[in-house]
Amino acid sequence: KPKIIEPKLSKNALEVASKRYLRTDMAGKPQETVGEMLWRVAYHMAKAEVNWAGNGIAMEVATKFYERMVALKLVCAGKAMFEAGNPGGTGQLSSCFVLPIEDSIGKIFKTLGDAAVVHKNNGGTGFNFSKIRPHGDKVRNVPGAASGPVDFLRAYSAALSQILQGAKRQGANIGILNVDHPDIEEFIAIKSEDGTVKNFNVSVGVTDNFMRAVEEGENWQLINPRNHEVVRSVKARALFQQIAESAWKSGDPGLAFLDTVEAGNTVPRFGVIDACNPCGEIFLFPYESCNLTTIDLARHLKGKEIDWDDLKETVRLGVRFLDDMIEVNAYPVPEIEATVKNGNRRIGLGVMGFAHLLYLLGVPYNSSQAVKIAKELSKFIYENAAEMSAELADVRGNFPNWDLSIYTAKGQPMRNCAVTMVAPTGTISILADTSSGIEPVFSLVTKRRTFYEDDKSNHSTKEMLMVDPVF
């Protein structure tokens with residue numbers, strides 16, 4: 001194996017690494033250095049390479065992955081950093097999952113069981129509850145017997161909050177309810193009125209039609225999903241006002257623009273996409289999970305210029321790394337393996353450090369020049385990622401659902417149904433000591449409260465003073 005290199009890390013980064021990513025003994029003492037951890041991850045992903053080439057390939061590709069990772073140009077998703085090649089881990093490398101919710105007690109609780117397994121193995125889950133018949137609707141022929149989606153969301157929240165993820169933290173969830181569901185008003189108010197639903201984000205699934213009705217002050221029909229009958233009609237603006245008031249009070253609900261999501265669905269003949277992972281960076285089919293990894297843009301500079309050749313190399317290795325991750329991943333339930341590994345092979349190569357890149361280039365975040373740079377970067381990253389996916393397809397085959405996708409019409413080979421997304425990169429941006437996601441730096445010196453899981457009542461046990469490194 002190559003010589004182990006220790007990346008240059010800040011004190012905060014080292015603390016986060018030993019708390020979140022390094023292999024530890026029973027007493028919680030780290031059993032590896034950060035350099036060793038990164039080799040463990042690089043080598044674990046590269047094991048997949050032997051499926052398509054000779055024996056020496058794993059070492060060769062692992063070394064390439066490792067070089068990018070040690071330079072912090074490519075930073076693997078936090079969950080996978082802890083799990084990959086870790087004998088004490090679960091082997092589940094995906095960060096995000098979406099699970100289906102059908103209108104039957106058996107299926108609702110099967111999904112809750114699947115979600116529990118995902119959470120035990122450190123994943124986050126998203127659900128769209130809109131197929132569940134409204135509260136007080138009839139069940140068989142008994143009127144007024146149905147619980148409704150909000151009651152089931154509370155049940156999910158209560159059950160899943162009992163699972164500590166690898167004793168590291170509680171899992172995150174998102175619950176979506178579409179804006180034409182009869183229980184939408186109760187759903188909108190859930191976070192501002194009920195303090196128990198702490199482990200769920202909630203979002204209202206809105207359509208272009210609803211937004212038009214809001215703009216034009218029209219009425220809006222609420223429809224029972226069981227029989228598609230109109231239950232009542234409300235003023236679209238009044239509903240929108242409730243959403244805004246509640247979001248102002250409690251930070252929830254968000255809005256999920258379902259038509260926009262569906263317009264970006266690259267496998268439309270496979271199904272409809274109407275739910276996302278807890279932070280909303282990626283919308284997934286039911287039983288789909290996604291593997292994420294992030295490029296630190298700020299580390300791809302040559303003097304005052306973006307180093308496009310270097311960035312291209314990182315993008316290409318990132319796509320290969322993620323396609324390998326799908327192969328070596330452990331899947332918590334068989335349906336997820338069918339949809340991911342033997343279905344769409346969706347990957348999410350993301351970016352962070354955009355604000356730092358702009359600092360270093362001397363470009364204000366809120367300038368038209370910054371927008372121009374963002375467009376140029378995202379086009380470049382997407383095109384090179386798609387090209388790499390196509391090259392992998394030539395060797396490894398298209399993703400199995402390719403014939404249900406938009407790529408058949410173009411005759412474009414693709415190993416993955418989609419290649420890019422942008423995550424918040426909350427913790428890994430501390431590891432890389434860079435600005436998170438595509439966001440501005442909101443404060444140059446911050447006190448960050450962290451490590452909530454060490455306290456039974458969920459209070460922060462540690463304050464970190466974060467000083468922006470570029471500043």
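Buried here means under 20% relative accessible area and exposed over 50%, with partly exposed in between. Keep that scale in mind as you move through this predicted model.

**Stop 1: two salt bridges between loops**

Select Glu-102 first. At 29% relative accessibility, Glu-102 is partly exposed, because the value falls between the 20% and 50% limits. Now add Lys-131, which is also partly exposed, at 46%. The two side chains meet in a salt bridge, 3.3 Å from N to O. Glu-102 sits in the loop between β2 (96-98) and α5 (105-120), while Lys-131 is in the loop between β3 and α6 (149-160), so their pairing ties together parts 29 residues apart in sequence.

Next, select Arg-226 and Asp-137, whose side chains form a salt bridge at 2.6 Å, N to O. Arg-226 belongs to the loop between β8 and β9 (230-235) and Asp-137 to the loop between β3 and α6, so this pair links parts 89 residues apart in sequence. Asp-137 is buried, at 12% relative accessible area, whereas Arg-226 is partly exposed, at 31%. Across the model, the count of salt bridges comes to 27.

**Stop 2: a charged network**

Move on to Arg-396 and Asp-323. Their salt bridge has its closest N and O atoms 2.9 Å apart. Arg-396 lies in helix α14 (residues 368-396) and Asp-323 in helix α11, so the pair connects parts 73 residues apart in sequence. Are these two residues buried or exposed? Both Arg-396 and Asp-323 are buried.

Now widen the selection to Glu-49, Arg-320, Asp-323, Asp-324, Glu-327, Arg-345, Arg-396 and Arg-415: salt bridges with shared partners join them into one network. Pause on Glu-327, which is placed in helix α11 (residues 308-328). Glu-327 is buried, with 18% relative accessible area. Setting aside neighbours within four places in sequence, Glu-327 contacts Ala-48, Asn-51, Trp-52, Lys-341, Arg-345 and Arg-415.

**Stop 3: a covered strand**

Select strand β6 (residues 173-178), where 6 of 6 residues are buried. In a regular strand, side chains alternate between the two faces of the sheet. Colour Asn-173, Gly-175 and Leu-177 for one side of β6, then Ile-174, Ile-176 and Asn-178 for the other; all are buried, and both faces are covered.

Show the strands paired with β6. β3 (residues 124-128) runs parallel to β6 and is joined to it by 4 bridges. β7 is parallel to β6 too, with 6 bridges between them. Asn-173 is a handy residue to centre on: Asn-173 is the bridge partner of Thr-125, and Asn-173 also stands opposite Phe-200 in β7.

**Stop 4: one side of α8**

From β7, go to helix α8 (residues 208-215) and pick out Phe-210, Ala-213 and Val-214, which are buried. They span an arc of only 100 degrees around the axis, which puts them on the same side of α8. To see what covers these buried residues, show β7 (200-206), β8 (219-223) and α9 (236-250), which are among the covering elements. Just after α8, check Gly-217, where phi is positive, at about 65 degrees.

**Stop 5: a nonpolar surface patch**

Finish on the surface with Tyr-359, Leu-360, Leu-444, Val-445, Leu-465, Val-467, Val-470 and Phe-471, a nonpolar patch with about 690 Å² of accessible area together. α13 (354-361) and β18 (462-467) are the elements giving two or more residues to this patch. Val-470 lies in the segment after β18 and is partly exposed, at 34% relative accessibility.

Key:
Residues are numbered from 1 along each chain as its sequence is written. This is a predicted model: local features need pLDDT of at least 70, side-chain atom pairs count only at pLDDT 80 or more; totals for chains, interfaces and linings use all residues. Side-chain values use heavy atoms; hydrogens and water are left out. Buried means under 20% relative accessible area, exposed over 50%, partly exposed in between (1.4 Å probe, protein chains only). The arc is that of the directions from the helix axis to the C-beta atoms. Contact means heavy atoms within 4.5 Å. Patches are made of residues with over 30% relative accessible area and no salt bridge: like charges are joined within 9 Å, nonpolar side chains (Val, Leu, Ile, Met, Phe, Trp, Tyr) within 5 Å. Accessible areas come from the Shrake-Rupley method with a 1.4 Å probe; for residues, only the protein chains shown count as cover. A salt bridge is a side-chain nitrogen of Lys or Arg within 4 Å of a carboxyl oxygen of Asp or Glu. Two strands pair if DSSP finds at least two bridges between them.
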